[in-house]
Amino acid sequence: MPNKHTNEWTTDIILIDIINFSKLRIASQLEIINFLTLSYKKMINKMLENSNMRLSNLILGYISTGDGFYCILNPKLKGYGTILGLSFNYFSEQLGKKFSYFEGLRIAIHTGKIYEFTDILGNKNYIGNGLNDCARYLEFKNYTISTIIVSDIAYANMKIFLDQHPRFNTLLIKSEFKHSSPYIFKDKHGKKKEGRLVWLRKAGIITPPDMNFNSMLK
């Protein structure tokens with residue numbers, strides 16, 4: 001739920017990080033980030049053809065990190081972030097086929113607090129511990145390609161989402177959704193984190209639910 005006085009939101013945050021992006025030549029960096037951005041935009045627009053929403057309804061914010069980007073979901077879709085992250089991960093294989101220098105993506109999902117503000121150009125932007133905590137999950141050492149790391153909170157919210165939308169549970173079963181046992185590790189600040197690796201044995205794209213967005217955020 002939003003706090004209207006502080007522009008505070010609690011929602012799913014997806015962080016996509018291109019492995020060893022900073023080691024690439026500038027030309028290669030531009031090539032791969034442009035392809036990745038256009039591919040994700042095309043994918044999301046295709047997904048939304050079957051849903052009762054616009055792109056601005058699905059995604060609250062998009063923040064470039066240099067090595068990738070944060071994707072902040074509309075709070076009404078809290079719990080769907082892990083599923084969207086799995087859909088994003090589908091493109092990792094496609095990128096590997098197109099660019100020989102591409103080493104893969106690391107994707108982390110977390111549910112946390114963010115705060116909206118207006119930047120110097122008059123655009124909406126976001127800060128908050130939710131973003132910082134999401135980034136800490138990329139420090140997990142046992143990460144493997146084709147999996148994503150999901151915080152314990154995000155995983156719990158996904159289970160709530162699946163209870164509310166049983167059709168998605170059926171879709172995940174058909175895609176052979178898998179998850180690891182919980183991992184507990186310490187981030188670089190010594191704080192304990194708990195999360196799971198999740199993946200689809202039959203990778204693909206799972207569209208968001210058809211929802212009424214007359215009231216966008218609630």
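Let me start with how helix H1, residues 26-48, sits against helix H3, residues 81-98: in this predicted model, the two pack at an angle of about 135°, and their axes lie 11 Å apart. That angle makes H1 oblique to H3, and the crossing of the two helices is right-handed.

If you follow the contact along the helices, H1 contributes Ile-32, Phe-35, Leu-36, Ser-39, Tyr-40, Met-43, Ile-44 and Met-47, and these meet Leu-84, Ser-87, Phe-88, Phe-91, Leu-95 and Lys-98 in H3. Sorted by character, the residues of this contact are eleven nonpolar, two polar and one charged.

Let me pause on Ser-87, which has its place in helix H3. Is Ser-87 buried or exposed? Its relative accessibility is 1%, and because buried means under 20%, Ser-87 counts as buried. Leaving aside neighbours within four places in sequence, Ser-87 is in contact with Met-43, and also with Gly-204, Ile-205 and Ile-206.

Now to the nonpolar interior, where the largest core has 45 residues, and where Ile-14, Tyr-80, Phe-88 and Leu-105 touch the most other members. Helix H1 gives the most to this core, with eight residues. Phe-88, which we have already met in the contact of H3 with H1, touches Tyr-40, Met-43 and Ile-44, and beyond these Ile-14, Ile-16, Cys-71 and Ile-107, if residues up to four places away in sequence are not counted. There is also a second, separate core of 20 residues, and its members include Ile-63, Tyr-70, Leu-131 and Ala-135.

Definitions and conventions
Residues are numbered from 1 along each chain as its sequence is written. This is a predicted model: local features need pLDDT of at least 70, side-chain atom pairs count only at pLDDT 80 or more; totals for chains, interfaces and linings use all residues. Side-chain values use heavy atoms; hydrogens and water are left out. Axes are lines fitted to C-alpha atoms, for helices over the stretch in contact, and angles run from 0 to 180 degrees between N-to-C directions. Helices (H or I, at least four residues) and strands (E, at least two) are DSSP runs, numbered from the N terminus. Angles under 35 degrees count as roughly parallel, over 145 as roughly antiparallel, 65 to 115 as roughly perpendicular and the rest as oblique. A crossing is left-handed if the near helix is turned anticlockwise from the far one by less than a right angle, and right-handed if clockwise. Contact means heavy atoms within 4.5 Å. Ala, Val, Leu, Ile, Met, Phe, Trp, Tyr, Cys and Pro count as nonpolar, Asp, Glu, Lys and Arg as charged, and the others, Gly among them, as polar. Buried means under 20% relative accessible area, exposed over 50%, partly exposed in between (1.4 Å probe, protein chains only). A nonpolar core is a set of buried Ala, Val, Leu, Ile, Met, Phe, Trp, Tyr and Cys residues joined through side-chain atoms within 4.5 Å.
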